Amino acid sequence: MPRNTGKFAIVTGASTGIGYELAKCCAADGFDLLIAADEPEIHRAADDFRKLGVRVEAIEADLATTKGVDELYAATAGRAVDALLANAGIGLGGAFLDQDFRDVRHVIDTNITGTVYLAQKIGIDMRSRGEGRILFTGSIAGFTPGSFSAAYNGTKAVIDSFSFALRNELKDTGVTVTCLMPGATETEFFERAGMLDTKVGQSEKDDAADVAKAGYEAMMAGEGDVVAGFKNKVMSAAALLTPSDTLAEQHRKKAEPGSAYKQ
Ligand code: NAP
């Protein structure tokens, strides 16, 4: 049974995948939790985390909307948030012109609007207290123009950049900001994004627990960013030296619908 430290963390997108594992890291370290996702599955996750001996509140809220974020914020009931792990996100595969714009908008609203709105609400409280930790789940996708996942990669470029900018703005305040940048990770992400017929969708992926552990440790150490996994570290370093046209062409090969069945 972990010691209950009296610390309190919010983890968004904690029902599955990387967020579930991030919340588990927090609970194992004694954080009480407020967790959120869009569907009832979040309550099953809450039951799992309670078994680790911490208090857990779960809410269903659509974090693509300011209303959903306001509901999540209200659920803190004024309790000081020691760590915000802003992880909820969604992908979208396919050719941009063939996507339903409502889906594109949903990706942008979830990955960017809801995420930065929540970070502002919690960040204001943290700054006034002079302490706190914020972790964003960005992505190494933010380094690459994502042909056939164009809007999604764009949202992650925003979050990667935003995280470093906010970190700098808060550098003398006691609030740290960290960006977790995973590569392809074994979660429900690719199925939800409609990318199971792509090379990346079918590729061997990183383990979500390993990725979350890297992010959690970087957040607790107050580091600026962590690229999870050695292969991803090499890929992201190479991306900085590669022309954008070349990166976009490379992305096409692994993300174009049907690419899973091409040589
Ligand atoms: P996942 O298993 O699909 O988990 C996504 C989580 O976000 C779920 O809990 C989901 O809950 C929640 N969520 C999505 N839209 C939401 C909304 N509008 N409101 C509230 N909750 C919402 O995928 P994952 O891979 O763990 O993704 C977590 C984060 O990692 C995302 O930000 C993603 O961009 C990032 N990432 C993933 C990979 C990868 O390869 N898997 C790589 C780099 C970065 P509901 O089911 O209730 O909607």
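This passage looks at how the inside of the structure is packed, starting with its nonpolar cores and ending with a cavity. The model is a predicted one.

In soluble globular proteins, nonpolar side chains tend to end up buried together. Here, the largest nonpolar core brings together 33 residues. Within that core, the residues with the most contacts are Val11, Cys26, Leu33, Ile35, Phe49 and Leu85. Quite a few elements chip in: strands E1 (8-12), E2 (32-37), E3 (56-60) and E4 (83-86) each give at least two residues, and so do helices H1 (17-28), H2 (41-50) and H8 (208-221). The largest share of this core comes from H1, with seven residues.

Ile35 gives a feel for the packing. Leaving aside residues up to four places away in sequence, Ile35 touches Val11, Ala14, Ala23, Ile42, Ala45, Ala46, Phe49, Val56, Glu57, Ala58 and Ile59. Two of those partners, Val11 and Phe49, turn up with Ile35 among the residues with the most contacts inside the core. There is also a second core, separate from this one, made of 25 residues, with Leu118, Ile122, Ile159 and Val177 among them.

As for empty space, the count comes to one cavity of 30 Å³ or more, and the volume of the largest cavity is about 50 Å³. Around the largest cavity sit Thr12, Leu63, Ala86, Ala88, Thr110, Gly114, Thr115 and Leu118. Helix H4 (residues 101-129) provides four residues, the largest share of that lining. In character, the lining splits into four nonpolar and four polar residues, with no charged ones. Leu118 shows up twice, as part of the cavity lining and as a member of the second core.

Note on methods: Residues numbered from 1 in each chain as written. Predicted model: local features only at pLDDT ≥ 70, side-chain atom pairs only at ≥ 80, totals over all residues. Heavy atoms only, no water. 1 Å grid on protein atoms, 1.4 Å probe; cavity = no way out; pocket = protein on both sides within 12 Å on 5 of 7 lines; lining within 4 Å. Points joined across faces, edges and corners; volume = space filled by probe spheres on them. Nonpolar A, V, L, I, M, F, W, Y, C, P; charged D, E, K, R; others polar. Core = buried A, V, L, I, M, F, W, Y, C linked by side-chain atoms within 4.5 Å. Buried < 20%, exposed > 50% of the residue type's maximum accessible area, 1.4 Å probe, protein only. Contact = heavy atoms within 4.5 Å.
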